[in-house]
Amino acid sequence: MCGIIGYVGHRDALPILLDGLRRLEYRGYDSAGVAVLEDGQIVVRKAAGKLARLAELTQRAPVHGQVGIGHTRWATHGVPTDENAHPHTDCTGDIVVIHNGIIENFLPLRERLQDHGHHFRSDTDTEVIAHLIEEAYARLPETPERMETAVRQAIAQTTGAYAIVVLAREHPDRIVAVRQISPLIVGRGRGETLLASDVPALLPHTREVMIIEDGEMAILTPERVTITDLSGTPRHRPVQHITWDAEMAEKGGYPHFMLKEIHEQPRALSDTIMGRLDVEGRVELEGVQAPAEFVTALDKVWMTACGTAYHAALVGRWLIEHLARIPAEVDLASEFRYRDPLVAGTTWAIAISQSGETADTLAAAREARRRGSRLLAITNVVGSTLAREADDLLYIRAGPEIAVASSKAYLTMLAAQIMLAIDLGQRRGTAAPELLTDLIHGLRALPGKVQAALALEESVAALARRYRDVEHLFFIGRGLDYPVAMEGSLKLKEISYVHSEALAAGELKHGTLALVTPGVPVFALVTQGHVYEKTVSNIQEVKARGAEVVAVAYEDDRSISRHVDQVIRIPRVHDLLAPVVAIVPLQLFAYHVARERGHDIDQPRNLAKSVTVE
Ligand code: M6R
């Protein structure tokens with residue numbers, strides 16, 4: 001999510017840090033900052049907004065030194081402000097930290113530290129790390145290893161995902177970094193060492209890199225890189241030579257951002273879930289403040305969104321009705337305000353938007369509020385207009401999504417809504433506890449299931465080669481498979497420009513079946529046990545007209561292959577969680593068809609990432 005750069009060597013650090021941050025700009029960010037050791041003091045410069053603001057600030061108030069760290073922030077805790085920008089310091093200003101990831105248990109840590117007299121200046125989870133290191137430093141004797149030991153002791157108290165980089169006034173010759181899930185790469189130069197979250201920031205200086213693994217610490221000095229595990233035991237790491245050009249490096253070695261983002265989905269899902277399922281199996285959604293009386297008295301949930309977010313809302317509606325037993329309806333945001341809708345004070349309005357800036361979604365959300373509804377925003381961008389205007393907030397934490405075609409935002413919108421539906425089911429007492437327990441276990445396992453679904457890429461790419469020249473194609477499904485069919489169809493249209501249509505499988509015979517002729521491909525989703533036989537009947541209808549049917553079914557479904565031409569086998573999950581996994585091969589299919597057809601996948605024709613006009 002965030003961008004990280006660090007330098008220790010013989011050159012002036014600031015220009016290297018700013019250039020590194022510029023090379024990480026493509027990732028998206030909302031604020032930036034640097035810290036440099038100047039004449040034995042740590043000097044921090046940081047600003048909300050684009051890098052130009054930071055560059056201006058450092059021009060007006062330059063800072064010189066040969067050791068420094070820099071950061072571009074994509075907000076997850078606390079809106080983008082100067083104070084919330086990284087780096088963050090401890091109470092004394094002698095320790096400074098940058099961080100990529102999420103500290104799950106930051107709230108109890110922060111409360112304890114405040115009780116012990118620590119003064120916090122930001123709303124971030126990151127700042128607790130600086131204060132924890134400060135505390136550990138105070139306990140330790142003055143030894144050459146004091147900094148590493150203090151960082152280790154601090155980290156041992158945290159849970160979550162992180163890449164953390166630390167500077168300390170007492171040890172001006174080094175940078176200490178720790179990795180747990182979030183990426184960190186060290187680069188070796190002559191008499192200098194660098195570190196970054198991504199390769200592009202290192203390329204102007206070196207192509208000799210070492211990858212820091214989960215649960216490892218790296219200690220960087222100008223001449224040396226020491227890698228250890230978190231108990232201090234040294235780890236050997238071979239140096240790798242990077243052959244990527246700058247463009248490939250930005251995409252993490254993938255040919256397109258879309259493919260990179262599809263592959264980032266397991267991690268994005270972990271981030272969405274992180275810190276929100278407590279040990280007792282309850283859901284804790286920090287920004288959802290709706291009081292118990294409101295939740296109990298609710299007579300309707302009304303949801304609105306556009307495009308992919310709309311498809312996610314269709315899944316959410318199903319889950320909320322099923323688990324919380326509240327009537328739920330979904331409106332396309334562009335239609336809602338023109339139909340004199342019935343929403344009022346006992347309705348919970350939910351607007352879903354990756355960007356939080358989509359004009360139609362904002363207008364619909366405002367209309368719902370004008371009519372007296374409480375508004376919950378489910379969004380990716382912290383501090384976006386939708387987030388600012390909502391009463392309740394549920395961030396999906398997908399990280400920056402750059403490709404126009406949405407992938408990881410969709411999956412994380414689904415995960416956020418599953419948690420919301422479980423929470424409502426628990427609070428209203430409307431869902432069987434065993435079902436909720438199953439879903440919570442299933443939710444925790446989802447990143448791994450999605451990872452397994454990504455392994456289907458090669459066979460899906462073969463399918464894409466087979467169908468690259470078709471004129472049109474259908475996606476069918478029932479129940480929760482239907483919104484997945486809609487999303488699969490949208491993905492295909494938007495990047496491959498192949499006409500496709502999604503249909504509730506039972507609707508075929510009411511008209512569209514006339515278009516099914518010999519050889520027309522039909523993708524049939526068959527993950528929903530309670531309508532399995534019905535969908536199989538619909539498959540037989542299209543087979544009888546000569547369609548070539550590709551099923552998306554569970555890996556242990558032994559009977560489906562009798563009815564179809566090919567099966568894409570996805571990992572078994574609870575049927576209510578199936579949309580999260582079943583969409584993955586369809587995303588990959590759309591991507592590979594578009595690639596076969598030679599399209600501009602990340603910037604498809606006529607489309608924009610954020611649609612800020614009606
Ligand atoms: O930022 P939003 O989630 O509000 O965007 C809504 C749609 O414009 C968006 O999902 C669009 O459909 C995607 N490009 C589809 O991949």
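Strands here are DSSP runs of E at least two residues long, helices are runs of H or I at least four residues long, and both are numbered from the N terminus. Keep in mind that every view below shows a predicted model.

**Aspartate 39, in the loop between strands S2 and S3.** Strand S2 covers residues 31–38 and strand S3 covers 41–48, with Aspartate 39 in the loop between them. Have a look at the backbone here: Aspartate 39 isn't a glycine, yet its phi is positive, at about 45 degrees. For context, most residues other than glycine have a negative phi.

**The loop between S4 and S5, with a cis peptide bond and one end of a salt bridge.** Proline 87 is found in this loop, and the peptide bond joining histidine 86 to proline 87 is cis, with omega about 0 degrees. Most peptide bonds are trans. The loop, between strand S4 (67–73) and strand S5 (88–89), also holds aspartate 82. The salt-bridge partner of aspartate 82 is arginine 53, and their closest N and O atoms sit 3.7 Å apart. Arginine 53 belongs to helix H2 (residues 51–60), so to speak across the chain: the two residues are 29 residues apart, and the pair links distant parts of the chain. This is one of 32 salt bridges in the structure.

**Where domain 2 meets domain 3.** The domain assignment splits the protein chain into domain 1 (3–250), domain 2 (259–453) and domain 3 (456–596). Between the C-alpha centres of domains 2 and 3 there are 25 Å. At the contact, 33 residues of domain 2 meet 28 residues of domain 3. Together they bury about 2,500 Å², with carbon and sulfur atoms giving 75% of that area. If you go hunting for salt bridges between these two domains, the count is zero, but eight residue pairs are in polar contact. On the domain 2 side, the elements giving two or more residues are helices H7 (257–263), H8 (265–273), H10 (307–324), H14 (408–428) and H15 (433–454). Sorted by class, that side has 22 nonpolar, nine polar and two charged residues.

**The ligand and the residues around it.** Which of the 14 residues around the ligand come nearest? They are Ser353, Gln354, Ser355, Thr358 and Glu494. Now zoom in on the backbone. A polar backbone atom of glutamine 354 is 2.6 Å from a ligand oxygen. Serine 406 also faces a ligand oxygen, with a backbone N or O atom at 2.8 Å. For valine 404, the ligand atom is a nitrogen, and a polar backbone atom of the residue is 2.9 Å from it.

Note on methods: Residues numbered from 1 in each chain as written. Predicted model: local features only at pLDDT ≥ 70, side-chain atom pairs only at ≥ 80, totals over all residues. Heavy atoms only, no water. Domains from an automatic or database assignment. Contact = heavy atoms within 4.5 Å. Buried area = accessible area lost by both parts, 1.4 Å probe. Salt bridge = Lys/Arg side-chain N within 4 Å of Asp/Glu carboxyl O. Polar contact = N/O pair within 3.5 Å; in protein donor to acceptor, adjacent residues only side chain to side chain. Nonpolar A, V, L, I, M, F, W, Y, C, P; charged D, E, K, R; others polar. Near = heavy atom within 4 Å.
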